[in-house]
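Colleague: Before any bench work is planned, I should like to go through this model with you. May I put my questions in turn?

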Amino acid sequence: MSVPSVQTEKKIGLKQPLIEKTWFGVLIVLMVLGLIGVYFRVQDGLASTNLTSLMPWGAWVAFYIFFVGLSAGSFLLSTLIIVFGMKRFEVVGRAALFTAIISMIVALTFVLLDLGQMDRFAYALMFWNLVSVLSWEIHFYVLYIVLLIAELYFMMRPDLIRLQQNSIGWKKRLYGFLAMGSNDLSPEARQKDYKWMKLLGLIGIPLAIFGVHGGTGTLFAVIKARVYWNSGLFPVIFVMSALVSGTALLTFIYIIQQKVRNLKVNLDVVKALSQLMAFFLIIDLSLEFYEWFVSGYGLEHEDMAVLATLFAGKHAWSFWGLQIFFGAALPLYLVFSKRTKNSINALAIAAISVVIGIIGVRFNIVVPALIVPVLEGLPRGDYFPSWVEWSSSVGVIAMGMMLYTIGAKLLPLEENEDEVLNHE
Amino acid sequence: MKKLLNLKEFDKMIDSQLKDPVSVMKDSAYDTALAVSTGIDAQKVLAGKITQEEFHNKYNTDLKIEFGDKYLSAMAAEQKKSDGPRWGMVIDLAKCVGCDTCTVSCKAENRTPPGVSYNVVLKKEIGAFPDVGKVNMPRPCMQCDKPPCAQVCPVRATYKLDNGIVAIDYDRCIGCRYCIVACPYGARSFDFGESYEDEMIGFNDLTAPEYGFDREDREKGKSPQGNVRKCNFCMHRLERGEEPACVETCIGDARFFGDFNNPNSIVAKLANSPRAFRLKEELGTEPRVVYLR
């Protein structure tokens, strides 16, 4: 029983040592860069950033909301499989949950970096201001991570047991720990797993939509001081963007993983995911269009100022270049054009393009609304992240990718035959 | 860098001047032990180690016996919660000349670091030649009755006091800056930890006793660094019976301060003027700073 798995491991290992070594090498270099940035951030506090009292939120907040979005999107996609039984996407089910977990860890790391008093981060959990959306959010994030881990556990449980039985040494202990001491490989136990998965998935849907990512959008939407944010559509746009970015990331991860392991990439799956992504994207764009149209139509001074900053300001390239071109135009073309819609490479490009574009979307949510002053006479803000912000952000993202890679190597994230759908 | 001021030495100088309580009490007609005991415990009350009520319960009987009719028991326990003041400010824009004295005196009074200004004067030129005018609008914290900043703080570090001032607990604030984003008046600033030390030797040796709390010197990473700060109507001055620094130093006598609960106060009367207006009234924040056009 132990020999075949060792052989398979060896086989895969032999075919991709160079790619893997390069990947880890790159990640480690980026993480070291990140550590340098984090060192200066800890030493000098927030003075190491380009943030000011007028522009209090910047890159770290933008990345934090971006990764919460990725997480919620990936999770909601996994519920399509687990709760709604959409067979087409079963192959990315576990990867979706694991991506969701890693994204949340990255998001909370960004929040930690952003706090003025980092050592007081626990206060956010100890104290609960019932009228503060942010307070609810922090508590929801923790609950959500626990739910994600639990759901992934139930998904992987039998495979973890099998891995434990077939491994030796520290791996055996690791899988034993991850399986939480369970030893039951019977179909009845598996049925119980599915019941749990479905229940957690069901609870998770409103938690993700309203609590986690709708909530993150709400924390901007309730601010009446910033008219651009203060709209009921904002939380909905957040959820839509989350679905778009989560689907895109999952598509990209699936394609890359299969290619790196020299396995076949299922074109039907990729096409289905890409079309789903495009569908979400079109809805997202429509909502954003309405948001801008209603904002600008009233010709209200502050609304117009924010839109002008967004469309024609100093960093308008992040709108036209990232949000519109990479985030919408290019991927929609690639997904729908006859020339590229059946090409896996093109769809991979479309996916990663969307992910990059949505980073632009998040920056464009946070920054332009803060650039425009709340009172006439106050100076206009100006912001571009400092090298500390860039390097620490890159480092944290590299850390996330490292955690994902290690997890993908150790954990049974590939779909197994006795997946949930066969038992519907 | 070695500090030039050693505050502990000043404390020692004071201590060496203090008279011995026992020898002082020997010359008086009253009980020495009670005097020494109440003195020590009174200091404990000021330091917050015991409450006024505990002090009262401990000494009430003894003091009655000792002083008889002369002892007017303040009866801390029975004192009913009187309607305290509800502080507010009125700023007459017709008198403001835009000299920025209020901004500077606020900075001097509160020893705010670079980048933090509790009060600013917004200036705008209006009209076209020859009908040009200048509007100068000082903007402290509005101390709103419905403060959006207090609503959004995840740890409730900022909250409204009974006297109307919106306070910040520097020991609880985690520096997330959500309140800065939420303030419609831009009245809050973040303390990035910067210092005027290279321009003013000794800047880091003292901090203003904001909210009546002396934080001694300004060390790296120590609150209020990494926290959000704002105008608090010079609460430490109010406790001493003084007006906020900006009100006192205004050269145009444009700023007024007082108790809105008292219908005879200048601020209550001026707030009823037909010239009175408040900023961003439509947002429903109920600011306590009233402007006169």
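Colleague: Are H2(A) and H14(A) parallel or oblique to each other?

Modeller: This is a predicted model, and the answer rests on its helix axes. The axes of H2(A), residues 17–44, and H14(A), residues 387–410, come within 7 Å and cross at roughly 140 degrees. Angles over 145 degrees would count as roughly antiparallel, and 65 to 115 as roughly perpendicular. The two helices H2(A) and H14(A) are therefore oblique.

Colleague: What is the handedness of that crossing of H2(A) and H14(A), and how do the residues of their contact divide by class?

Modeller: The crossing of H2(A) and H14(A) is left-handed. From H2(A) the contact includes A:Trp23, A:Gly34 and A:Arg41, and from H14(A) it includes A:Ser391, A:Gly395 and A:Met402. By class, the residues of this contact divide into 16 nonpolar, 6 polar and 1 charged.

Colleague: At what angle do the axes of H9(A) and H13(A) cross, and how many charged residues has their contact?

Modeller: The axes of H9(A), residues 233–260, and H13(A), residues 344–371, come within 8 Å and cross at roughly 140 degrees. That angle makes H9(A) oblique to H13(A), and the crossing is left-handed. Among the residues in contact are A:Ser241, A:Ala248 and A:Phe252 of H9(A) and A:Leu347, A:Ala351 and A:Val355 of H13(A). The contact of H9(A) with H13(A) has 14 nonpolar residues, 3 polar residues and no charged residues.

Colleague: Which helix supplies the largest share of the side of chain A that touches chain B?

Modeller: The contact takes 32 residues from chain A and 38 residues from chain B. On the side of chain A, helix H5 (123–126) and helix H6 (133–166) each supply at least two residues. The residues of that side divide into 19 nonpolar, 9 polar and 4 charged. The largest share, 3 residues, comes from H6(A).

Colleague: Which strands stand at the edges of the open sheet in chain B?

Modeller: The sheet of chain B has 4 strands in the order S8-S1-S10-S9, with mixed pairing. Within this sheet, S1 (residues 87–92) and S10 (residues 289–292) pair in the parallel sense over 4 bridges, and B:Ile91 stands opposite B:Tyr291. An edge strand has a single partner, so one side of it is left without a neighbour in the sheet. The edge strands are S8 (255–259) and S9 (276–277).

Colleague: Which residues does the cis peptide bond with omega near 5 degrees join, and which does the one with omega of about 10 degrees join?

Modeller: Most peptide bonds are trans. One cis bond leads to B:Pro130, in the loop between S2 (120–126) and S3 (133–139) of chain B; another leads to B:Pro224, in the loop between S6 (189–190) and S7 (228–229) of chain B. With omega near 5 degrees, the cis bond runs from B:Phe129 to B:Pro130. With omega about 10 degrees, the cis bond joins B:Ser223 and B:Pro224.

Colleague: Is B:Glu286 exposed, buried or partly exposed?

Modeller: B:Glu286 has a positive phi of about 55 degrees although it is not a glycine, and it lies in the loop between S9 and S10 of chain B. A residue counts as exposed with 12 or fewer other C-beta atoms within 10 Å, and as buried with 20 or more. B:Glu286 has 13 such neighbours, so it is partly exposed.

Definitions and conventions
Residues are numbered from 1 along each chain as its sequence is written. Chains are lettered from A and ligands numbered from 1 in the order in which they are written. This is a predicted model: local features need pLDDT of at least 70, side-chain atom pairs count only at pLDDT 80 or more; totals for chains, interfaces and linings use all residues. Two strands pair if DSSP finds at least two bridges between them. Two residues are in contact if their C-beta atoms, placed from the backbone, lie within 7 Å. Ala, Val, Leu, Ile, Met, Phe, Trp, Tyr, Cys and Pro count as nonpolar, Asp, Glu, Lys and Arg as charged, and the others, Gly among them, as polar. Axes are lines fitted to C-alpha atoms, for helices over the stretch in contact, and angles run from 0 to 180 degrees between N-to-C directions. Angles under 35 degrees count as roughly parallel, over 145 as roughly antiparallel, 65 to 115 as roughly perpendicular and the rest as oblique. A crossing is left-handed if the near helix is turned anticlockwise from the far one by less than a right angle, and right-handed if clockwise.
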